Amino acid sequence: MWSQRSVVDYSLQRKATLRALRGGHATVMEDVCDADPYLLRAAKFHGEPTDRPCPICRREKLTHVTYVFGDELGQYSGRIRQTPELEMMAREHGEFRVYVIEVCQGCSWNHLTLSYVLGDGVPRRPPRRQRTVEDEYS
């Protein structure tokens with residue numbers, strides 16, 4: 001991605017979690033396979049499939065769920081985005097943070113794998129709040 005910066009790779013933390021599980025210092029159901037039902041639903045309907053097998057159950061392929069957060073995103077901060085959408089967003093906003101979470105829909109393994117900042121660096125004001133369908137039911 002052309003404007004990607006402040007990249008944090010959580011692969012060492014992932015390895016430490018898996019090592020703790022193998023060493024008996026963590027339990028599968030209570031410590032590592034504890035994905036929130038909303039995250040599992042997001043993975044099912046909005047996630048991007050990968051070719052990597054789950055490190056726990058080894059039966060399912062992992063799914064990536066990508067969230068975006070930033071003041072400039074206004075009411076759209078905290079939403080799920082597909083990877084192709086991120087480049088367009090990077091050109092429209094000065095700065096926002098992206099979080100990529102890997103999820104196994106079979107055993108509920110989930111782990112933050114990567115975070116980074118995108119944007120063109122030109123500060124902008126958040127967009128005006130617009131009414132959405134969610135507003136009708138709140």
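1. Strands (E, at least two residues) and helices (H or I, at least four) are taken here as DSSP runs, numbered from the N terminus, and two strands pair if DSSP finds at least two bridges between them. The model is predicted, so to speak of a local feature here requires a pLDDT of at least 70 and side-chain atom pairs count only at pLDDT 80 or more, whereas totals for chains, interfaces and linings use all residues. Residues are numbered from 1 along each chain as its sequence is written, and side-chain values use heavy atoms, with hydrogens and water left out.

2. As to the overall layout, the protein contains 5 helices and 6 strands, and their order along the sequence is β-α-α-α-β-β-β-α-β-β-α. The C-alpha trace spans about 50 × 35 × 25 Å along its principal axes. Of the 138 residues, 36% are buried, where buried stands for a relative accessible area under 20%, exposed for over 50%, and partly exposed for what lies in between, with a 1.4 Å probe and protein chains only. Among contacts with a separation of 6 or more, 63% join residues that are 24 or more positions apart, a contact being heavy atoms within 4.5 Å.

3. Strand 3, which covers residues 61-69, has antiparallel pairings with several other strands, and these are worth tracing in turn. Strand 2 (residues 48-53) runs antiparallel to strand 3 and is joined to it by 3 bridges, with Pro-53 having Lys-61 as its bridge partner in strand 3. Strand 5 (residues 96-103) pairs with strand 3 in the antiparallel sense over 7 bridges, and Tyr-67 stands opposite Tyr-99 of strand 5. Strand 4 also runs antiparallel to strand 3, through 2 bridges, and here Val-68 stands opposite Arg-79 of strand 4.

4. From strand 5 the pairing can be followed further, since strand 5 and strand 6 are antiparallel partners over 8 bridges, and Tyr-99 stands opposite Ser-115 in strand 6. These two strands form a hairpin with 6 residues between them, and Ser-108 in the turn has a positive phi of about 75°. Strand 6 (residues 110-118) is joined in addition to strand 1 (residues 5-9), again antiparallel and by 3 bridges, with Arg-5 opposite Val-117 in strand 6.

5. Is Thr-63 in strand 3 buried or exposed? Thr-63 counts as buried because its relative accessible area is 6%. The side chain of Thr-63 makes a polar contact with the side chain of Gln-105 at 3.1 Å; a polar contact is a pair of N or O atoms within 3.5 Å, of which, within protein, one must be able to donate a hydrogen and the other to accept it, while residues adjacent in sequence count only if both atoms are side-chain atoms. Residues up to four places away in sequence aside, Thr-63 touches Ala-43, Gly-47, Glu-48, Pro-49, Thr-50, Ile-101, Glu-102, Val-103 and Gln-105.

6. Tyr-67, also a member of strand 3, counts as buried because its relative accessibility is 17%. Although Tyr-67 and Tyr-99 are 32 residues apart along the chain, their C-alpha atoms are separated by 5.2 Å. Beyond neighbours up to four places away, the residues that Tyr-67 touches include Leu-39 and Ala-42, then Gly-78, Arg-79 and Ile-80, and also Arg-97, Val-98, Tyr-99 and Ile-101.

7. Where is Arg-81 placed? Arg-81 belongs to the loop between strand 4 (79-80) and helix 4 (83-92), and it is classed as partly exposed because its relative accessibility is 22%. Arg-81 and Val-65, which are 16 residues apart in sequence, have a C-alpha to C-alpha distance of 8.0 Å. With neighbours within four places in sequence left aside, Arg-81 is in contact with Glu-48, Thr-66, Val-68, Tyr-76, Leu-86 and Met-89.

8. Arg-14 may also interest a reader who is checking charged side chains, and it is found in helix 1 (residues 11-22). Arg-14 is buried, because its relative accessible area is 13%. Leaving aside neighbours within four places in sequence, the contacts of Arg-14 are Arg-52, Pro-55, Leu-62, Glu-102, Trp-109 and His-111.
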